Amino acid sequence: MADVADLQSKFAIPGVLGFEQTPAGLVVVRVTTPAAEATIYTQGAHLTHWKPAGEAPAIFLSRRAEFAPGKPIRGGVPIVFPWFADRHDGKTGPQHGFARISEWELTFAAMSGPESDPELHLAFALLPNELSHSLGFDHFRLGYRVSVGRELTLELTVLNDSGSGGAREAAEATKEIGAPLVFEEALHTYYAVADARRVSIDGLGGTTYIDKVDGFNQKVQAEGPLRFAGRTDRPYLNTDSTCVLHDPAGRRRIVVAKTGSRSTVVWNPWQESTANMADMEPDAWLHMTAIETANVGQDAVTLQAGETHSMRAHVSIEKIA
């Protein structure tokens, strides 16, 4: 676990960037600038709050979320890596992988831009750890950049460092020097909405998706906006389109642009599933819509030794009358 005093010494910016520790031992990064405020936990490099100045919070966080070492946080932006949902290779492992429940290291913090509209830039890193070793993942490095301002930018970079440094020593024991790294990834972003029954999403018309609510059948999204009529869980494949989340009850739209991502996952658990989730209040589904920047299923990424891959989401808010 990160040392709060050490983080304060290295990175604190008076009135802008500070650190604290929860009673359970989690380290919290607090951001407050003239342009926006945000909260990030070093466990999972998990952003749980982003509120541009003059706006309602744009990120949903469950009021029943658990904040405990080794437990995933319900809401915010969990980082999914190296598999999406259940592990697919017949081996055991936590749902959505280990990145969201691992302790990340803050490596950089700096401000940029005009004083009236600044951005705070943070960088986090995750290296192989005891949990990843136990799951068979030894030759990776993750970097995560977060830029907090009136707009939010999230960028996840994955390096396959098989055969270099400590990874070489680990690989030699299993004869995996130079082995490819195959992974899925997602920025599992829960957006805050006023009423999920009234939202619509542009940008996915004509796109093939897997309908996980209907037996994992493959379908094609009709042209025009996507609207919810019940529980929805859909990985949309082979798409790099920008999505626009229209929230008329909240009088705004949230624009999610992306690069390095070929999948977009749309999810809302609706009433029936939320009722069975201990870390969600019964009506929480009304106030969230997940649009995930991702590479999953047939869009999984393969990196040869020494290669890197970056996936980026850029989020902005537009007011509507």
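Methionine 111 has leucine 120 of strand E7 as its bridge partner in this predicted model. That pair belongs to a longer run of contacts between strands: E6 and E7 (residues 119-126) pair in the antiparallel sense over 7 bridges. Strands of a sheet pair through backbone hydrogen bonds, and the pairing can be parallel or antiparallel.

Zooming out a little, E6 and E7 sit in an open sheet of 9 strands, ordered E6-E7-E8-E9-E23-E19-E18-E13-E16 and paired antiparallel. Where does this sheet stop? Its edge strands are E6 (105-112) and E16 (226-227), and each of these pairs on one side only.

Strand E21 (residues 288-295) makes a good second stop. All the way along, E21 is well covered, as 8 of its 8 residues are buried. In a regular strand, side chains alternate between the two faces of the sheet. For E21, both faces turn out to be covered: Met288, Ala290, Glu292 and Ala294 are buried on one side, and Thr289, Ile291, Thr293 and Asn295 are buried on the other.

Which strands does E21 pair with? Strand E20 (residues 263-268) is one of them, running antiparallel to E21 and joined to it by 5 bridges. Here valine 266 stands opposite isoleucine 291. Strand E11 (residues 185-187) also runs antiparallel to E21, with 3 bridges between them, and leucine 187 of the chain faces threonine 293 of E21. Then there is strand E12 (residues 190-192), again antiparallel to E21 and linked to it by 3 bridges. In that part of the picture, alanine 192 has methionine 288 as its bridge partner in E21.

Loops deserve a look too. Is alanine 179 buried or exposed? Alanine 179 lies in the loop between helix H3 (166-174) and strand E10 (181-183). Its relative accessible area is 16%, and the cut-off for buried is under 20%, so alanine 179 counts as buried. Leaving aside neighbours within four places in sequence, alanine 179 is in contact with His139, Asn160, Ser162 and Ala305. Take asparagine 160 from that list: 19 residues separate it from alanine 179 in sequence, and the C-alpha atoms of the two are 8.6 Å apart in space.

Glycine 136 is another loop residue, placed between helix H2 (130-134) and strand E8 (141-148). With a relative accessibility of 43%, glycine 136 counts as partly exposed. Glycine 136 and arginine 253 are 117 residues apart in sequence, and 41 Å apart from C-alpha to C-alpha.

Now for the protein as a whole, which has 4 helices and 23 strands. Its radius of gyration is 19 Å, close to the 20 Å that the globule rule gives for 321 residues, so the protein is as compact as a globular protein of that length. Along the principal axes, the C-alpha atoms fill a box of roughly 60 × 50 × 35 Å. Of the 321 residues, 53% count as buried. Among contacts with a separation of 6 or more, 63% come from residues 24 or more positions apart.

What does the protein show on the outside? It exposes about 13700 Å², and carbon and sulfur atoms supply 48% of that area. As for charge, there are 29 positive and 39 negative side chains, and the centres of the two sets lie 5 Å apart.

Note on methods. Residues numbered from 1 in each chain as written. Predicted model: local features only at pLDDT ≥ 70, side-chain atom pairs only at ≥ 80, totals over all residues. Heavy atoms only, no water. Helix = DSSP H or I, 4+ residues; strand = E, 2+ residues; numbered from the N terminus. Rg over C-alpha atoms; globule rule 2.2 N^0.38 Å. Buried < 20%, exposed > 50% of the residue type's maximum accessible area, 1.4 Å probe, protein only. Contact = heavy atoms within 4.5 Å. Areas by Shrake-Rupley, 256 points an atom, 1.4 Å probe, with all protein chains shown as cover. Lys, Arg positive; Asp, Glu negative; His and termini not counted. Charge placed at Lys NZ, Arg CZ, Asp CG, Glu CD. Pairing = 2+ DSSP bridges.
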